[in-house]
Each structure stands twice: as structure tokens, then as C-alpha cells.
Amino acid sequence: MVARIIVTFTTILMILNFIKLVQAESRVPCFFIFGDSLLDNGNNNNLNTTARANYPPYGVDFPGGPTGRFTNGRNMADILAHVLGFGNFIPPFASASGRDILQGVNYASGSAGIRNESGSHLGTCIFMDWQLKNHQETISRIVNLLGNKDATNVHLNKCLYSVGIGSNDYINNYLMPEKYQSSRLYTPSQYATLLTQQYAQQLKVQTYFAN
Ligand SMILES: *[C@@H]1O[C@H](CO)[C@@H](O)[C@H](O)[C@H]1NC(C)=O
Ligand SMILES: *[C@@H]1O[C@H](CO)[C@@H](O)[C@H](O)[C@H]1NC(C)=O
């Protein structure tokens with residue numbers, strides 16, 4: 001009798017969990033993230049740069065310890081994904097594989113900026129134009145996974161895209177006259193215009209389909 005009750009109870013728990021799983025579907029099917037260290041979740045780990053965070057005390061509050069996130073615990077990309085209802089973290093481009101990329105990819109790279117050279121005194125970083133190239137690669141992989149470009153188009157049109165970039169174009173470029181020319185070439189206002197123009201271009205970059 002006791003065993004029977006336990007079995008029934010377990011079954012109810014399983015059903016409740018199943019309902020929870022079904023309800024846990026995210027609000028968007030996929031989430032793509034571009035940006036700098038505020039959003040990076042491991043893309044710099046294998047780059048030759050001092051802008052890395054895959055060692056303690058980074059990650060002291062993260063399950064499993066350091067991951068390359070530039071914070072104690074979760075970063076903004078993780079929190080956004082959680083709020084959107086994703087049950088897992090969006091994988092970094094550096095290690096994303098297989099069908100995981102259908103849920104989105106995080107391209108963010110610590111020290112990266114809108115301009116290619118921003119942050120380069122720290123080593124290699126994946127600047128915005130490069131992140132966009134990586135997204136192009138993801139799209140080609142999605143075309144392969146879904147079989148054709150129309151299905152890929154339908155899928156990508158449902159995705160959410162988040163970009164957080166630009167501070168390194170100041171703190172690791174314009175405000176470092178000993179390393180970068182930009183403050184001698186442009187007034188603050190000219191530089192701001194240049195950045196917004198380049199960023200506007202980047203947001204409009206045409207992605208093409210391999211198929
Ligand atoms: C890493 O970068 C430093 C500084 O730019 C350079 O001296 C070194 O040769 C690089 N190491 C590798 C393995 O590329
Ligand atoms: C920045 O890098 C991209 C991609 O590697 C390249 O196509 C572009 O010409 C570079 N821009 C500048 C201003 O060097």
C-alpha cells in the first residue's frame with residue numbers, strides 16, 4: 001500500500017514536471033548575442049589576449065566555476081536568456097556545435113569594439129565585423145541543419161538579436177592616446193558620428209545564404 005502511494009506520488013510528480021517542461025518553452029525560439037565583455041561567455045578563452053576571464057576569482061558564484069564570463073556569476077546575456085524562458089545558456093560561438101546553434105549563439109568578445117582596432121593592445125579580440133562574419137558561418141551551418149535557405153529564413157526571422165558594444169571604442173581606444181591615434185584624428189563629436197555610422201552599417205550587413 002505504501003509502495004503504491006509512493007509510486008502514484010512519483011507519477012504525479014513526473015506529470016507535473018512534464019507540464020512544467022512544456023510550459024518552459026521560451027518566448028522566442030532563438031537568441032543571438034553580439035558584444036563585448038559585458039556579454040562574452042567564453043569566446044576569448046583560447047585567444048592570445050590579456051582580456052580573458054577563464055580563471056578564478058571570475059565565476060566564483062557560477063555553477064562549475066570560471067567559464068570566461070567577466071563576472072562572478074551570470075552575465076546580462078544569461079539573465080536575458082533566462083527571462084526569455086530558455087532553460088539553458090546560449091552557447092559561445094567558440095564552442096557551439098550541432099543543433100545547439102538553432103537556439104542561438106553568443107559571439108561577444110571581451111575588449112571588442114565597433115572599430116577593428118579597439119582593444120587590440122590587449123591582444124586578439126573578435127571585433128564587431130568579425131562577429132558578423134562568425135554569424136554568417138552560423139547561418140551556413142543552419143542552412144545545412146534545416147536543409148534549405150527558406151526554412152533558415154523563416155527560422156532566423158523569429159530570433160531575437162541583442163548587441164552591446166561601443167564602450168571599448170572609448171576606454172580601449174579614444175581615451176588611450178598613448179596607444180591609439182583616434183583622439184588626434186577626430187574631435188569627440190566627429191568620433192561619435194564615426195562610431196554611430198559604422199555601427200549603423202554593421203546592423204544592416206546583408207547576410208547571404210549558401211544554398
Ligand atoms: C601573443 O601575443 C603576444 C603579444 O602580442 C606575442 O608577443 C606572442 O608571441 C603571442 N603568442 C602567440 C602564441 O601567438
Ligand atoms: C575590419 O575587419 C574586417 C573583417 O576582417 C575587414 O573586412 C575590414 O576591412 C576591416 N576594416 C578596417 C577599417 O580595417
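This section describes the aromatic ring pairs and the cysteines of a predicted model.

The count of aromatic pairs comes to 13. In one of them, the ring centres of Phe34 and Tyr107 lie 4.8 Å apart and the ring planes meet at 20 degrees, so the pair is stacked, given that planes under 30 degrees apart fall in that class. Phe34 belongs to strand 1 (residues 31-35), whereas Tyr107 is found in the loop between helix 2 (76-83) and helix 3 (128-146); the contact therefore ties together parts that are 73 residues apart in sequence. With a relative accessibility of 5%, Phe34 counts as buried. Tyr107, at 1%, counts as buried as well.

A further stacked pair is made by Tyr174 and Tyr191, with a distance of 4.5 Å from centre to centre and an angle of 20 degrees between the planes. Here Tyr174 is part of helix 5 (residues 168-174) and Tyr191 part of helix 7 (residues 188-203). The two residues are 17 positions apart, and their pairing links distant parts of the chain. Tyr174 and Tyr191 are both buried.

Ring pairs also join residues into a cluster, whose members are Phe32, Phe34, Phe93, Tyr107 and Tyr161. The stacked rings of Phe34 and Tyr107 thus recur among the members of this cluster. A contact of another kind involves Phe89: the charged end of Arg69 sits over the Phe89 ring, at 4.9 Å from the ring centre.

The model contains 1 disulfide. This bond is formed by Cys30 and Cys159, whose sulfur atoms are 2.0 Å apart. The angle about the S-S bond is -75 degrees, and the link of Cys30 and Cys159 is left-handed. Cys30 is located in the loop between helix 1 (2-23) and strand 1, while Cys159 occupies the loop between helix 4 (149-156) and strand 2 (160-164). The disulfide links distant parts of the chain, with the two positions 129 residues apart in sequence numbering. Both cysteines of the bond, Cys30 and Cys159, are buried.

Cys125 has a relative accessibility of 5% and therefore counts as buried, the limit for this class being under 20%.

Definitions and conventions
Residues numbered from 1 in each chain as written. Chains lettered and ligands numbered in written order. Predicted model: local features only at pLDDT ≥ 70, side-chain atom pairs only at ≥ 80, totals over all residues. Heavy atoms only, no water. Phe/Tyr/Trp six-rings, centres within 6.5 Å; stacked < 30°, edge-to-face > 60°. Helix = DSSP H or I, 4+ residues; strand = E, 2+ residues; numbered from the N terminus. Buried < 20%, exposed > 50% of the residue type's maximum accessible area, 1.4 Å probe, protein only. Lys NZ or Arg CZ within 6 Å of the ring centre and 35° of its normal. Disulfide = S-S within 2.5 Å.
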